[in-house]
Amino acid sequence: MYVGRKHTVTATTQKLFPFVCPHCNHEAFALVTGVGQGAGNSPYFLDEGGAKERASSQANDAATENAAATLLLARCPSCFQRDEGAVRAVKGKAIAGALACLFIFPIFGLGLDAMHSGRSSAGLFIFAPLGALTAYFIYASQKWKWETADNRVSFFSKEELEAEEKAE
């Protein structure tokens, strides 16, 4: 029997990235808010501090990755266009996960039914709706990435950034 504690951390970070629009070549700096989660285990309660540190480090790394990915999805402040390739890639991953659930869950149910010599189709009746429900949750849990991208990015020109640095 496993005894221990799992520590989870959700981190939010703000990073400054250079931005160049792929459509109009507008150059700016972007202050992007990223969100990430991390987990660390402490088996037998022997490494509580290390588990907390691993969870925090993992969450901060995930938040930085999320910030970089968010910038790819944001609209350009000049031409108001998005990098549609990046948006399609993120949406495609969410749709692929949802479609996998729609196919794999019913196949699993059919497999369970086949193991019972066709006497019952309860596996299909259980796993087909579960597949649809799981597909919905996978898509719904991912769509925030492209729907909130514009709210998590603020653009600044080089002049605005220099003026802000001088003011501090």
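Buried means under 20% relative accessible area, exposed means over 50%, and partly exposed lies in between (1.4 Å probe, protein chains only). The model is predicted: local features need pLDDT of at least 70, side-chain atom pairs count only at pLDDT 80 or more, and totals for chains, interfaces and linings use all residues. Residues are numbered from 1 along each chain as its sequence is written, and side-chain values use heavy atoms, with hydrogens and water left out.

**Exercise 1. Determine which residues of helix α2 are buried and what they pack against.**

Step 1. Helices (H or I, at least four residues) and strands (E, at least two) are DSSP runs, numbered from the N terminus. Helix α2 covers residues 84-115, which is 32 residues.

Step 2. The expected span of a helix is 1.5 Å times one less than its number of residues. From first C-alpha to last, α2 reaches 46 Å, close to the 46 Å expected.

Step 3. The buried residues in α2 are Ala86, Val87, Ala94, Ala98, Cys101, Pro106, Gly109 and Asp113.

Step 4. Contact means heavy atoms within 4.5 Å. The buried residues of α2 pack against α1 (48-73), α3 (122-142) and α4 (144-147).

**Exercise 2. Establish how many disulfides the model contains, and examine Cys21 and Cys24.**

Step 1. A disulfide is a pair of cysteine sulfur atoms within 2.5 Å.

Step 2. For Cys21, the closest cysteine sulfur belongs to Cys79, at 3.6 Å, too far for a bond. Cys21 is buried, with a relative accessible area of 1%.

Step 3. For Cys24, the closest cysteine sulfur is that of Cys21, at 3.7 Å, again too far for a bond. Cys24 is partly exposed, its relative accessible area being 32%.

Step 4. The count is therefore 0 disulfides under this rule.

**Exercise 3. Describe the sheet and the helices that pack on it.**

Step 1. Two strands pair if DSSP finds at least two bridges between them. The open sheet has 3 strands in the order β1-β2-β3, with antiparallel pairing.

Step 2. β1 (4-20) and β3 (153-156) stand at the edges with a single partner strand each, so one side of each has no neighbour in the sheet.

Step 3. Strand β2 (residues 27-43) is joined to β3 by 4 bridges, and Val32 stands opposite Val153 in β3.

Step 4. Axes are lines fitted to C-alpha atoms, for helices over the stretch in contact, and angles run from 0 to 180 degrees between N-to-C directions. Helix α1 lies across β1, β2 and β3, at about 150° to β2. Helix α5 (residues 158-167) also touches β1, β2 and β3, and its direction makes about 90° with that of β3.
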